[in-house]
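Please walk me through this structure. I am new to it, so start with one detail and then widen the view.

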Amino acid sequence: MHRKLIALAALCFAAAAGPARASLDIGDAAPNFTTPAALDGNVFQYSLGEALKKGPVVLYFFPAAFSVGCSAEAHEFAENIDKFAALGATVIGVSGDDIQTLGKFSKQTCQGKFPVASDEKQMIMKEYDAVMMLMPQFANRVSYVIAPGGKVIYTYQSLNPSRHVEKTLAAVRDWLDRH
C-alpha cells in the first residue's frame with residue numbers, strides 16, 4: 001500500500017499541469033446516490049438527494065485518504081467549511097477507500113468538519129466519470145457544484161489539489177448571485 005501511495009503522489013505531481021474537462025457538463029442532471037460516509041469518525045448513510053434539499057452541494061472526488069495531495073485538499077476544505085456554510089452549501093468528498101479508513105480520515109484530516117464517502121465499488125465514480133484513467137483503482141481529482149434542483153452548475157478537474165476549494169467556493173458565490 002505504501003508503494004501505491006508513493007506512485008499516486010508522483011503521478012499527482014507529474015500530472016498537475018492544469019484543469020481538464022470533467023465529463024458531466026454544466027446543466028446535466030447530477031446522478032443521485034446514497035452511500036456510507038463518515039463525519040468526525042461516525043459512519044452514516046449519505047444521500048445526495050437529502051443534502052440538496054438544504055442547498056448547493058460541492059461534491060469532490062479524491063484519489064486516496066492520507067496521501068499528500070488528498071490530505072492537503074481535505075485540510076483546505078475543512079479550513080474553508082464556514083465560508084461554504086455561510087453560502088448555504090455543503091461539502092462531501094468521495095473516494096474508493098473503505099469506510100474504516102475514511103472514518104479516521106474524517107476525524108483527523110477533515111477535522112470533523114465535513115463528511116467523506118466510500119465508493120469501494122466505484123459506482124459513483126463511474127457515474128460522474130471520476131475514475132483515474134492511468135490508475136483506475138483510484139478516483140480522479142474532480143469537483144462538481146450541484147444546485148439544489150440537482151443540476152451540475154460547475155465542474156473542475158485537476159490532479160493539483162490546490163485550487164479546488166477556491167474554484168468551487170467562487171462557483172457557489174456566482175450561482176447565488178444569479179439566483
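Is Glu-50 buried, partly exposed or exposed? The relative accessible area of Glu-50 is 44%. Buried means under 20% and exposed means over 50%, so Glu-50 counts as partly exposed. Keep in mind that this is a predicted model.

**Salt bridges**

Glu-50 has a charged partner. That partner is Lys-53, and the two form a salt bridge whose closest N and O atoms are 2.9 Å apart. Lys-53 is exposed, because its relative accessible area of 64% is over 50%.

How many salt bridges does the structure hold? It holds three. The table lists them.

| Salt bridge | Closest N to O distance |
|---|---|
| Lys-53 with Glu-50 | 2.9 Å |
| Arg-141 with Glu-73 | 2.5 Å |
| Arg-163 with Glu-166 | 3.2 Å |

Take the pair of Arg-163 and Glu-166. Arg-163 has a relative accessibility of 35%, so it counts as partly exposed. Glu-166 is also partly exposed, at 43%.

Now take Arg-141 and Glu-73, which meet in a salt bridge with N and O atoms 2.5 Å apart. This pair links distant parts of the chain, 68 residues apart. Arg-141 sits in the loop between α6 (123-127) and β6 (142-146), while Glu-73 belongs to helix α3. Both Arg-141 and Glu-73 are buried.

**The chain as a whole**

Step back to the full chain. It has 179 residues, and 52% of them count as buried. The exposed area is about 8400 Å², with 55% of it supplied by carbon and sulfur atoms. Take the contacts between residues at least 6 apart in sequence: 67% of these join residues at least 24 apart.

The chain contains seven helices and seven strands. Along the sequence they follow the pattern α-β-β-α-β-α-α-β-α-β-α-β-β-α.

**The sheet**

In what order do the strands lie in the sheet? The order is β2-β1-β5-β4-β3-β6-β7. These seven strands make an open sheet with mixed pairing. The edges are β2 (42-47) and β7 (152-157), each of which pairs on one side only. From one strand to the next, the twist averages 25°.

Look at the β2 edge. Here β1 and β2 pair in the antiparallel sense, over six bridges. Ala-38 stands opposite Val-43 in β2. The two strands form a hairpin, with two residues between them. Asp-40 lies in that turn and has a positive phi of about 55°.

Go to the β7 edge. There β6 and β7 also pair in the antiparallel sense, over five bridges. Ser-143 stands opposite Tyr-156 in β7.

**Two helices on the sheet**

Which strands does α3 lie across? They are β3 (57-61), β4 (90-95) and β6, and α3 runs at about 165° to β3. Helix α7 lies across β3, β6 and β7, running at about 165° to β7.

The two helices also pack against each other. Helix α3 (residues 68-79) and helix α7 (residues 164-178) meet at an angle of about 40°, and their axes are 9 Å apart. From α3, the residues in the contact are Glu-73, Glu-76 and Phe-77. From α7, they are His-164, Val-165 and Thr-168. By class, the contact has two nonpolar, two polar and two charged residues. Glu-73 thus appears in two settings: it touches α7 residues as part of this helix contact, and it forms the salt bridge with Arg-141.

**A buried phenylalanine**

End with Phe-33. Where does Phe-33 lie? It is in the loop between α1 (2-14) and β1 (34-39). Phe-33 is buried, because its relative accessible area of 6% is under 20%.

Which residues does Phe-33 touch, leaving out those up to four places away in sequence? They are Tyr-46, Ser-47, Leu-48, Leu-59, Ile-124 and Tyr-128. Tyr-46 is 13 residues from Phe-33 along the chain, and the C-alpha atoms of the two are separated by 8.1 Å.

Definitions and conventions
Residues are numbered from 1 along each chain as its sequence is written. This is a predicted model: local features need pLDDT of at least 70, side-chain atom pairs count only at pLDDT 80 or more; totals for chains, interfaces and linings use all residues. Side-chain values use heavy atoms; hydrogens and water are left out. Axes are lines fitted to C-alpha atoms, for helices over the stretch in contact, and angles run from 0 to 180 degrees between N-to-C directions. Helices (H or I, at least four residues) and strands (E, at least two) are DSSP runs, numbered from the N terminus. Contact means heavy atoms within 4.5 Å. Ala, Val, Leu, Ile, Met, Phe, Trp, Tyr, Cys and Pro count as nonpolar, Asp, Glu, Lys and Arg as charged, and the others, Gly among them, as polar. Buried means under 20% relative accessible area, exposed over 50%, partly exposed in between (1.4 Å probe, protein chains only). Accessible areas come from the Shrake-Rupley method with a 1.4 Å probe; for residues, only the protein chains shown count as cover. A salt bridge is a side-chain nitrogen of Lys or Arg within 4 Å of a carboxyl oxygen of Asp or Glu. Two strands pair if DSSP finds at least two bridges between them.
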